[in-house]
Amino acid sequence: MADMGLGMGINTGLGSTDTCRDGAAAPPVAASRILLIIPCFNEEASIGGLLSEIAATGRGYHTLVVDDGSSDATSAVASCRSPVARLAQNLGIGGAVQTGIKYAARQDFDFCIQIDGDGQHDPRAIEMLLDAHRKDPTNITIGSRFIHHAGFCSTRMRRAGIRLIVLALNGLFRGGGRITDPTSGMRLLDRSAIAFFAKAYPADFPEPISLAWAMRAGLTVSEVPVEMRARETGVSSIDGLKSASYMIRVLGYILLARLVRAS
Amino acid sequence: MTDALPSPETVVVISAFALIYMLVLLRKTLQGKFDLYDFLMLSMVAIIPAGFALFPTLAYLVSHLTGVVFPFVVMFGALFLVVFAFMHNMTARLHRLERQNSALIQEQSLLVLELQAKQGRQGVDS
């Protein structure tokens, strides 16, 4: 059985007795071949709740928390309920997510689903992504905030920026459907997308740029409406003047992705 | 127009700088702090001005050939070219090292995870 290894939800033993004293156990072994990748950076306040929510769905999803060099007790809290890959240094969201994707590729998972560790994504929406993939099996299925505009939809400035990225992606690439939420961190990858991103994944602005790379390589993308919540803890790293710099660089990268031939 | 030659003081100062700088570079290269490529590129900062100071006729010939009035403009042009080439290669090397560093960190974390899973299984078996 291929997933009798790391994908079994083994408690990796990284958690201290203090952080694990609520008696939470590792999730039950399930037959499904779905891995939830949860990249985290200093999310000790939210990661425990998120993993409990995932367990409460009763679907027996395999989880992998990727601790991106946190300085708090994120790993200790998470390891009570999930395997944790601890990165020795902060690699950023791209490096953290790719670690999870490499794990999914090596453990032969059929799908992996990325969800943020800050509590923005409702684990109940995972089933919506899987349903959408069953109906329309594209390589990447994104949970979009902007199809029904329900729940937390970010600030007006950021929505305007996202619209620009949408225009660039939809104008420059043909990947199947029309993308509305390229910066969403909630997305499902099938085997082809897992294999593709295990080899190369953008370190900077990974969500929109990974879509550009994927569509350039001929992978297909679809979306499903999901509701997102305001983040429980922490602040966004893209604020103020950084937003303008973010936009310019993302648009530049997308253009570059269009001009450079897929390797 | 008569070609102005550098004064002996200029030649001495530039030669002394070139010599000292080359010795420093050589020492660092022998210590393993620079590789031969670094040594070659950085030594251009000494070699090019020294060449212009020690061989002024050659410097004027190059400036005439390139259509530049002042030889020192050619000299700085050559220096910029070397610096840009060095920076270009260094950026590529840095990017490659950054990627390798990220990959190593990822591998290390996954190997630790694998080891812990194996230990967990062994514990269950025994």
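**Strands of chain A and the long helix of chain B**

In this predicted model, strand β7 of chain A (residues 221-225) is largely enclosed by the rest of the structure, because 4 of its 5 residues are buried. Strand β5(A), residues 140-144, runs parallel to β7(A), and 5 bridges join the two. One of the pairings places Ser144(A) with Pro225(A) as its bridge partner in β7(A).

Strand β2(A), spanning residues 62-67, offers a companion case: 6 of its 6 residues are buried, so this strand too is largely enclosed by the rest of the structure. His62(A), Leu64(A) and Val66(A) point to one side of β2(A), while Thr63(A), Val65(A) and Asp67(A) point to the other, and all of them are buried. β2(A) pairs with β1(A) in the parallel sense over 6 bridges, and within this pairing Leu35(A) has His62(A) as its bridge partner. From β1(A) the chain passes through α1(A) to reach β2(A), giving a right-handed β-α-β crossover. β2(A) is also joined to β3(A), again running parallel, by 3 bridges. Here Val65(A) stands opposite Val84(A) of β3(A).

Two loop residues of chain A deserve a closer look for their backbone angles. Asn42(A), in the loop between β1 (34-40) and α1 (44-56), has a phi near 50°, a positive value in a residue other than glycine. Asn42(A) counts as buried because 20 other C-beta atoms lie within 10 Å. Asp108(A) sits in the loop between α3 and β4 (111-114) of chain A, and its phi, near 60°, is likewise positive in a residue other than glycine. With 13 C-beta neighbours inside 10 Å, however, Asp108(A) is classed as partly exposed.

Turning to chain B, helix α4(B) covers residues 71-125 and contains 55 residues. The distance from its first C-alpha to its last is 80 Å, close to the 81 Å expected at 1.5 Å a residue. Buried positions along α4(B) are Pro71(B), Val74(B), Ser102(B), Ile105(B), Gln106(B), Ser109(B), Leu110(B) and Leu113(B). An α-helix has 3.6 residues a turn, so residues three or four places apart point the same way. The buried residues of α4(B) pack against elements of both chains: β3 (84-86) and α3 (92-106) of chain A, along with α2 (36-54) and α3 (56-66) of chain B.

Between the chains, 12 residues of chain B are in contact with 18 residues of chain A. The side of chain B that touches chain A comprises 5 nonpolar, 6 polar and 1 charged residues.

Notes: Residues are numbered from 1 along each chain as its sequence is written. Chains are lettered from A and ligands numbered from 1 in the order in which they are written. This is a predicted model: local features need pLDDT of at least 70, side-chain atom pairs count only at pLDDT 80 or more; totals for chains, interfaces and linings use all residues. Two residues are in contact if their C-beta atoms, placed from the backbone, lie within 7 Å. Ala, Val, Leu, Ile, Met, Phe, Trp, Tyr, Cys and Pro count as nonpolar, Asp, Glu, Lys and Arg as charged, and the others, Gly among them, as polar. The expected span of a helix is 1.5 Å times one less than its number of residues. A residue is buried if 20 or more other C-beta atoms lie within 10 Å of its own, exposed if 12 or fewer, and partly exposed in between; C-beta atoms are placed from the backbone. Two strands pair if DSSP finds at least two bridges between them. A crossover is right-handed if, with the strands pointing away from the viewer, the path from the first strand over the helix to the second runs clockwise.
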